[in-house]
Amino acid sequence: MSNNGYVLGHSATEIERLKFQATLVRPYTQRMSVAAGLREGMRVLDIDCGTGSVSLLAAELTGPRGQVVAIDRSATAIKVAVESVRDENLSHVDFRVSALDDLSDVEGFDMVVGRYVLIHQPNAVEFLKKAAQFVRPGGWVAFHELNIVDYLPSFPTIELWDAVLKEVFTRFQKTCPEPGVARNMVSAFVSAGLGVPDMFCEIAVVGGSNTGSPEWLINTLRSMSDGAEQTRLADGREIQLDATMVELGRAIDAVHAQVMGPYQVRAWPTREHAVRNDRFYLVGPRKPSYLLPRQSNTRNRSISAIPPRSFLHQANTSRKWGPEMKPLLSHPVD
Ligand SMILES: C[S@@+](CC[C@H](N)C(=O)[O-])C[C@H]1O[C@@H](n2cnc3c(N)ncnc32)[C@H](O)[C@@H]1O
């Protein structure tokens, strides 16, 4: 099965990084899954599931009356996923080594989900179209993506953190076939025949070296450096990864810095646009009660889809944070 130049690879370190990252972003995925309508009794397909964190979360939300089929092209990742299902004693999750293109004996899912997969596809619109073919009439697709183009700097400034973060984003942009997809969910969904989606976005904001942020940042860079212990930043600086991880942790603690991860963007069709291949249906999952009623003449659905406890920052509101805040950094996609 081809990796087609998949930037992060499937080394043992990358598998560990995926598991670690999954624990950091689980709360975001959980809120997003609930908002998208994932609920008890559903049949769910998780595409490119990696080590299975989204699949396990889906299995918790569907309960044993539901079912989760989860696929990934990496046998190594699926082996880890199968072991975690055994640990959790969940019998309604079926992990398979498969690419979406090769999947043929399942259909009619209530919801098809995927996290951090569209950026890696040669064509995100075609991928969405294919994903929608596995959904039953009135069912749903829901994708959770990373914005790897825009990022927020540390505050107070830690020059080394900002330089490494920039390096990770730049490498992602150069190597991912669809780097801008999280900024273009509306156009991707519309082009795939799924209508203008409901969306929301969250950003992890953490302080303190014990929050896992230095580990996440450095190990992501490590996976992008073929597991090497040393790598060169765009400004020519050579850095040792383990030593830099320690240095970043110390710097964060020393100035009580606040650092931010990538924008997490989730999109799913509106209730008027439940999927049936290329047709639209007027039925769909009930929205959670905390969602405000949509105003009849507004298209700004993201506002009505924000859970109350989320510390969401819509991309453009970051500029309101205060006079000392540096503007949002944005790097054009080549
Ligand atoms: C960043 S990981 C995310 C895994 C999982 N969805 C999660 O959120 O933890 C992307 C996954 O998609 C698979 N994948 C996506 N595009 C791929 C490609 N072009 N070639 C090989 N694998 C790919 C990888 O095997 C990997 O497990």
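Angles under 35 degrees count as roughly parallel, over 145 as roughly antiparallel, 65 to 115 as roughly perpendicular, and whatever is left over as oblique. Those angles run from 0 to 180 degrees between N-to-C directions, and the axes are lines fitted to C-alpha atoms, for helices over the stretch in contact. Everything shown here comes from a predicted model, so local features need pLDDT of at least 70 and side-chain atom pairs count only at pLDDT 80 or more, while totals for chains, interfaces and linings use all residues. Residue numbers start from 1 along each chain as its sequence is written.

**View 1. H5 against H8, an oblique pair.** Helices (H or I, at least four residues) and strands (E, at least two) are DSSP runs, numbered from the N terminus. The axes of H5 and H8 come within 9 Å of each other and cross at roughly 130 degrees, so the two helices are oblique. H5 passes H8 in a left-handed crossing; the term applies if the near helix is turned anticlockwise from the far one by less than a right angle, and it's right-handed if clockwise. On the H5 side, the contact (C-beta atoms, placed from the backbone, within 7 Å) is made by Leu160, Trp161 and Val164, and H8 brings Thr244, Glu247, Leu248 and Ala251. By class, that's five nonpolar, one polar and one charged. Here Ala, Val, Leu, Ile, Met, Phe, Trp, Tyr, Cys and Pro count as nonpolar, Asp, Glu, Lys and Arg as charged, and the others, Gly among them, as polar.

**View 2. H1 and H2 side by side.** These two pack at an angle of about 45 degrees, with axes 10 Å apart, which makes H1 oblique to H2. Their crossing is right-handed. H1 offers Ala22, Arg26, Thr29, Gln30 and Ser33, and these meet Ser53, Val54, Leu57, Ala58 and Leu61 in H2. The mix in this contact is five nonpolar, four polar and one charged. Spacings like these are easy to read on a helix: an α-helix has 3.6 residues a turn, so residues three or four places apart point the same way.

**View 3. Around the ligand.** The shell holds 19 residues, and Tyr6, Asp48, Gly50, Arg115 and His120 come nearest. (A residue is near a molecule or strand if its C-beta atom, placed from the backbone, lies within 6 Å of it.) Helix H1 (12-36) and helix H2 (53-62) are the elements that give two or more residues to this shell. Sorted by class, the shell has nine nonpolar, six polar and four charged residues.

**View 4. Asp48 and its positive phi.** Asp48 sits in the loop between strand E1 (43-47) and H2. Its phi is near 55 degrees, positive in a residue that isn't glycine. Asp48 is buried, with 23 other C-beta atoms within 10 Å. The burial scale works like this: 20 or more other C-beta atoms within 10 Å of a residue's own means buried, 12 or fewer means exposed, and in between is partly exposed, with C-beta atoms placed from the backbone.

**View 5. His256, another positive phi.** This one is in the loop between H8 and E10, and its phi is about 50 degrees although it's not a glycine. With 9 other C-beta atoms within 10 Å, His256 is exposed.

**View 6. H7, mostly covered.** Helix H7 takes in residues 213-223, and 10 of its 11 residues are buried. Among them are Pro214, Trp216, Leu217, Ile218 and Leu221. What do the buried residues of H7 pack against? The partners are H1, helix H5 (159-175), strand E7 (197-207), strand E8 (230-232), helix H8 (241-254) and strand E10 (258-269). Arg250 of helix H8 is 36 residues from Pro214 in sequence, yet the pair are 9.8 Å apart in space, C-alpha to C-alpha. Arg250 itself is partly exposed, with 13 other C-beta atoms within 10 Å.

**View 7. The cis bond at Pro156.** A cis peptide bond joins Phe155 and Pro156, with omega about -10 degrees. Pro156 belongs to the loop between strand E6 (150-151) and H5.

**View 8. Gly138 in strand E5.** E5 covers residues 135-146. Gly138 is partly exposed, with 15 other C-beta atoms within 10 Å. Asp110 is 28 residues from Gly138 in sequence and 7.7 Å away in space, C-alpha to C-alpha.

Note on methods: Contact = placed C-beta atoms within 7 Å.
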